[in-house]
Amino acid sequence: MFKAFSTTAIIVFFNFLITFIYFVCSTICSLSVTLTICLVKLMTEPTLTPTALSSSQTCLTSQPIKASEIDPLFKYELAKLSGSEKILHCFQCGTCTSDCPIACYSGSYRPRTLIHLAMLGLKDRVLNSDTLWLCAACFTCSDRCPQDIEVASVIRVFRNLAIEHNCIPQIFKDQINAILETGYAYKISEMRTKKRETQGLPPLPKCNTKNLQNILKTINLTKKPKPQTEQL
Ligand code: SF4
Ligand code: SF4
């Protein structure tokens, strides 16, 4: 009798132990999966000034529209430009955004929203949007638009206009300056140059920056920035 009781107690104890171990392991697993998802999201979210991106999104759509912001002729100007000729055909179906690989990973980049704002005449909001620069020019949106709008080209037109109005994110301005000074998109530090020497590597090729400066001058990228009006 006592032996049967002690056997039952041992079985119950082991059952309890196995359940406890299972519970601890599954909790650790689910925590690690959650952490991994968070890490992947952090790593894949574009890092073009994250605070600027979130504020850009907020400014783009959630701030009340002032009458003074509206340029009713903007959409007609866009319709005359190469690449955005069909913008007036947009009926806001959202296919461009739902198929956009960048919109999948970014909480703020929405090609449909940019086109909508342009149609409303909110030129400054479109041109000052940091999210504009997240487009990877993959042309998926152009292929899928039911209205045959070259959405990727529309985004290119927005970017060109943004450059004309000197609405360029600081990171790109820094890259332009680095290219003008050194011919490289990122400045190569003295330390790296010396390290190449110590490892017996040849010096990095020098770039003819004069030619680059002439090219950039022709597209007005080197002109002094115009003072920006309201920061959106
Ligand atoms: S897919 Fe074409 S019609 Fe639809 S919202 Fe985008 S641009 Fe407009
Ligand atoms: S071209 Fe730009 S907007 Fe269009 S799907 Fe690709 S990343 Fe998105």
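Biologist: Quick one: what phi does glycine 121 take, just after H6?

Modeller: Positive, about 90° for glycine 121. Bear in mind that this is a predicted model, where local features need pLDDT of at least 70, side-chain atom pairs count only at pLDDT 80 or more, and totals for chains, interfaces and linings use all residues. As for labels, residues are numbered from 1 along each chain as its sequence is written, and chains are lettered from A and ligands numbered from 1 in the order in which they are written.

Biologist: OK. Which residues of H6 are buried?

Modeller: Pro111, Arg112, Thr113, Leu114, Ile115, Leu117 and Ala118. That's seven of ten, and H6 is mostly covered. Buried means 20 or more other C-beta atoms within 10 Å of the residue's own; 12 or fewer is exposed, anything in between is partly exposed, and the C-betas are placed from the backbone.

Biologist: Zooming out, how many helices and strands does the chain have?

Modeller: Twelve helices and zero strands. Those are DSSP runs numbered from the N terminus: H or I with at least four residues for a helix, E with at least two for a strand.

Biologist: And what percentage of the chain is buried?

Modeller: 21% of the 232 residues. On the contact side, take the pairs with a separation of 6 or more: residues 24 or more positions apart make up 72% of them. A contact here is two C-beta atoms, placed from the backbone, within 7 Å.

Biologist: Let's do the ligands. Which residues are the closest to ligand 1?

Modeller: Cys90, Cys93, Thr95, Cys96 and Cys145, out of 14 that surround ligand 1. The cut-off for being near is a C-beta atom, placed from the backbone, within 6 Å of the molecule. Helices H4 (95-99) and H6 (111-120) each give two or more residues to that shell.

Biologist: How does the shell around ligand 1 divide by class?

Modeller: Nine nonpolar, four polar and one charged. Nonpolar covers Ala, Val, Leu, Ile, Met, Phe, Trp, Tyr, Cys and Pro; charged is Asp, Glu, Lys and Arg; the others, Gly among them, are polar.

Biologist: Now ligand 2: which residues are the closest there?

Modeller: Cys100, Cys135, Cys138, Cys141 and Ala152, again from a set of 14 around ligand 2. The elements giving two or more residues are H5 (101-105), H8 (140-144) and H9 (151-164). H9 has the largest share, with three residues. By class, the shell around ligand 2 comes to 13 nonpolar, one polar and no charged residues.

Biologist: Tell me about H9, then. How far does H9 reach from its first C-alpha to its last?

Modeller: 20 Å over 14 residues, close to the 20 Å expected at 1.5 Å a residue. The expected span is 1.5 Å times one less than the number of residues. Buried in H9 are Val151, Ala152, Ser153, Val154, Ile155, Val157, Phe158 and Leu161. Their cover includes H3 (74-80), H4, H6, H7 (123-127) and H8.

Biologist: Why does isoleucine 155 count as buried?

Modeller: Because isoleucine 155 has 27 C-beta neighbours inside 10 Å. Skipping neighbours within four places in sequence, isoleucine 155 is in contact with Pro111, Leu114, Leu132 and Cys135. Isoleucine 155 and leucine 114 are 41 residues apart in sequence, with C-alphas 8.3 Å apart.

Biologist: Back to phi. What's going on with alanine 137?

Modeller: Alanine 137 isn't a glycine, yet its phi is positive, about 55°. Most residues other than glycine have a negative phi. Alanine 137 lies in the loop between H7 and H8, and so does phenylalanine 139, with a positive phi of about 70°. Alanine 137 counts as exposed because it has 12 C-beta neighbours inside 10 Å. Phenylalanine 139 is exposed too, with 12. Then there's asparagine 166, following H9, with a positive phi near 60°.

Biologist: Last thing: at what angle do H10 and H12 pack?

Modeller: About 140° between H10 (residues 170-182) and H12 (residues 209-218), with the axes 7 Å apart. That makes H10 oblique to H12. The classes are roughly parallel under 35 degrees, roughly antiparallel over 145, roughly perpendicular from 65 to 115, and oblique for the rest. Axes are lines fitted to C-alpha atoms, for helices over the stretch in contact, and angles run from 0 to 180 degrees between N-to-C directions.

Biologist: Which residues meet there?

Modeller: Ile176, Ile179, Leu180 and Glu181 in H10 meet Thr209, Leu212, Gln213 and Leu216 in H12. That contact has five nonpolar, two polar and one charged residues.
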